[in-house]
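Biologist: Let us go through the labels on this model. I want the reason behind each one.

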Amino acid sequence: MLFDPRRAKMKYIVVSGGVISGAGKGIVASSAGLLLQSKGFIVTTIKIDPYINIDSGTTSPLHHGEIYVTDDGGEINLDLGNFERYFSITLKHCHNITTGKIYRDIISKERAGDYLGKTVQVVPHVTNAIQKYIQRTAKIPVDKSQAEPDVCIIELGGTVGDIESSPFVYALAQLRKRVGKENLVQIHVAYVPVIPPGVGEQKTKPTQRSISDVRSAGLSPLLIACRCEVPLDPGTVQKIANMCSMEPEQVISVHDGSTTYHVPLLLEKQNLLGILCEYLELPLDRTPTRRTEEGKRMWNDWVYLVRSQDTITDTVPIALVGKYTSNKDAYLSVSKSIEHAAMYCHKKVKILLIDAAHLEDETYQNSAVKYHKAWHDLCSVKGIIVPGGFGTRATEGIIKAITWARVNKKPFLGICLGMQLVVVEYARHVMGIPDAGSQEVHPESKNHVVIYMPEHNQEKGRDAIRLGKHPCIFKEGTEWSKLRSLYDPTISQIEERHRNQYEINPEMVERLEMAGLAVVGKDTTGTRIEIVEIRDHPFFVGVQFHPEYLSRVLRPSRVFLGLFAAAAECLEEIPIALQQGQRSLVGEY
């Protein structure tokens, strides 16, 4: 029997890119999904990364950006974080496809004899494996309803024409034939430069060539999302439409705005939702249900929060002191989490990235200028965050920043490595243990206050890392905690995502608490420290977990909310607003 495309329930939206990488495929894909959610559709997503790595776990944040962690312990591409933040869904490691994953599975089957002696080739074996992987993953529930998604948005990493992308492009073209053209549409994101920059002509030739390339590869875009600094001129839109044999309404302008959160509003104004629903045969006007009402409320909340940012003038500067600040994407989830907290508090945030190495010594890289600028920036902010990281580089600079925040009563948050170095700093400068250190950072130290997790063998490498979602139980008698006050007073535990292989030495806990560094939360065993806090301080908290992975635009992380609210001097108002269910500090709207 021939395949009947009308039987295919799942709808697919492929978002590809051309001209240059980093043009905004992830934001366009996330925005399209948000618009579909606003009408009550269940949206899931898949990110395709053509690199040969199995996952992102071994890649450097300096080169690849942050490593995003899922509930099930997947170390995946940072774009999956955008999808979770926009859609408020829960993805798994399988929602990130890499060349490494596909070839690993194929080679395992070949070694097991599953191909019955056939010659294993890119076409059809690799491309068929990609299609099956996509169709299988697209059906996985991603929200509390556990219902099968209606729409799967597939972001194809890199740019069409890259040699490593070829099998995926071919597979997506085959998938369109397999499921039916009315069940799969493509949005192609292309960059439209202005030459000379700022005042010159909008050049369409790169977009024309990009569309030619993607069509020659077997795909046929329904829409061209033109990434540009300023809105497209009508003449530019008409020229792109003419040269690409498309209608003007199929050419969408994705120009710069005050924040990326404006992009869904921009696309909604250009009828992206109507075009997608028409071609995918999705009902735009649906019978009101609980899900459609939730979608409408979510969209109204989003629009209010985003538009309110355009009228706010009160800006709070926050320092992010880290090891990988030369790549702004290395701390993408942390930066977004601070933004979420600022939006809730009805304020703006200015994030100052400070390379911790520049805080160590003015002779570092022979640059006294960088040293003094780093300290000037640190002293001028209202709050400080030290995120996670690995290795010894720049850790002494981080410790100096922690000392400054503790002594000068500056709101502070330490995450993972940040929390571990909080303990090192406290042991050295408060408890009088000058050689206190970490087994990772200070292997020669005789007093390790941070140690390898004992159940893991150092020789296991990647297997020694504690990944994914784990509970944290609040310790009895910590109701005074500023962090704990941000949670429902009736709960005794929370769940957060982790990515670490070191912990606070349990033998030091009693001495730390006697010296004033309180343990607020532990794991289910009662031995591993999850939260520490200084009581006599505006806000000084260290957490072993990574709260940035669970922060959402409409549901900010309580940890980041506490830090930002303390920096903005409105921390006392937050617990009441949260308990009343307010979506922002200014109340309902």
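Modeller: A salt bridge here is a side-chain nitrogen of Lys or Arg within 4 Å of a carboxyl oxygen of Asp or Glu. Keep in mind that the model is predicted.

Biologist: Why is the pair Lys469 and Glu495 called a salt bridge?

Modeller: The closest N and O atoms of Lys469 and Glu495 are 3.9 Å apart. The cut-off is 4 Å, so the pair counts. The pair links distant parts of the chain: Lys469 is in strand β18 (residues 466-474) and Glu495 in strand β19, 26 residues apart.

Biologist: What makes Lys469 and Glu495 partly exposed?

Modeller: Partly exposed runs between the buried limit of 20% and the exposed limit of 50%. Lys469 has 32% relative accessibility, so Lys469 falls in that range. Glu495 has 43%, so Glu495 does too.

Biologist: Which residues belong to the network of salt bridges with Lys469 and Glu495?

Modeller: Asp71, Glu84, Lys469, Glu495, Arg497 and Arg552 are joined into one network by salt bridges that share partners. Lys469 also meets Asp71, at 3.6 Å from N to O. That value is within 4 Å, so this pair is a salt bridge as well.

Biologist: How many salt bridges does the rule give?

Modeller: The count is 29. Five salt bridges lie between domain 1 and domain 2.

Biologist: How do you know that Glu75 and Arg499 form a salt bridge, and what does the pair tie together?

Modeller: Their closest N and O atoms are 2.7 Å apart, and the limit is 4 Å, so the label holds. Glu75 lies in strand β4 (residues 75-76) and Arg499 in strand β19 (residues 493-500), so the pair ties together parts that are 424 residues apart in sequence. Both residues are buried.

Biologist: What separates Lys373 and Asp377 along the helix?

Modeller: About one helical turn, because they are four residues apart in helix α13 (residues 368-380). Their side chains meet at 2.8 Å, N to O. With a 4 Å limit, that is a salt bridge.

Biologist: Why is Lys373 called exposed, and why is Asp377 called buried?

Modeller: Exposed means over 50%, and Lys373 has 52%, so Lys373 counts as exposed. Buried means under 20%, and Asp377 has 12%, so Asp377 counts as buried.

Biologist: Now the rings. Why is the pair Phe412 and Phe540 called stacked?

Modeller: Two values decide it. The centres are 4.8 Å apart and the limit is 6.5 Å, so the rings pair. The planes are 25° apart, and under 30 degrees counts as stacked, so the pair is stacked. Phe412 lies in strand β15 (residues 412-415) and Phe540 in strand β23 (residues 540-543), so the pair ties together parts that are 128 residues apart in sequence.

Biologist: Are Phe412 and Phe540 buried or exposed?

Modeller: Buried. Phe412 has a relative accessible area of 0%. Phe540 has 1%. Under 20% is buried, so both qualify.

Biologist: How many aromatic pairs does the structure hold, and which residues form the aromatic cluster with Trp302?

Modeller: There are nine aromatic pairs. Tyr86, Tyr261 and Trp302 form one cluster.

Biologist: What makes Arg136 sit over the face of Tyr133?

Modeller: Arg136 is 5.2 Å from the ring centre of Tyr133. The distance limit is 6 Å, so that part of the test is met. Arg136 is also listed as lying over the face.

Biologist: Where do the domains fall, and how many of their residues are in contact?

Modeller: Domain 1 covers 11-103 + 130-304, and domain 2 covers 313-580. Their centres, taken over C-alpha atoms, are 34 Å apart. In contact are 27 residues of domain 1 and 27 residues of domain 2. About 2,300 Å² is buried between the domains, with carbon and sulfur atoms giving 54%. In domain 1, Asp71, Arg85 and Tyr261 lose the most area to domain 2, together 28% of what that side buries.

Biologist: One more. Why is His262 called buried?

Modeller: His262 has a relative accessible area of 18%, and the limit is 20%, so His262 is buried. His262 is in the loop between β11 (251-255) and α9 (263-269). Not counting residues up to four places away in sequence, His262 touches Val306 and Asp310.

Definitions and conventions
Residues are numbered from 1 along each chain as its sequence is written. This is a predicted model: local features need pLDDT of at least 70, side-chain atom pairs count only at pLDDT 80 or more; totals for chains, interfaces and linings use all residues. Side-chain values use heavy atoms; hydrogens and water are left out. Rings of Phe, Tyr and Trp (its six-membered ring) pair if their centres lie within 6.5 Å; planes under 30 degrees apart count as stacked, over 60 as edge-to-face and the rest as tilted. Helices (H or I, at least four residues) and strands (E, at least two) are DSSP runs, numbered from the N terminus. Buried means under 20% relative accessible area, exposed over 50%, partly exposed in between (1.4 Å probe, protein chains only). A charge sits over a ring if NZ of Lys or CZ of Arg is within 6 Å of the ring centre and within 35 degrees of the ring normal. Domain bounds come from an automatic or database domain assignment. Contact means heavy atoms within 4.5 Å. Buried area is the accessible area (1.4 Å probe) that two parts lose on being put together, summed over both.
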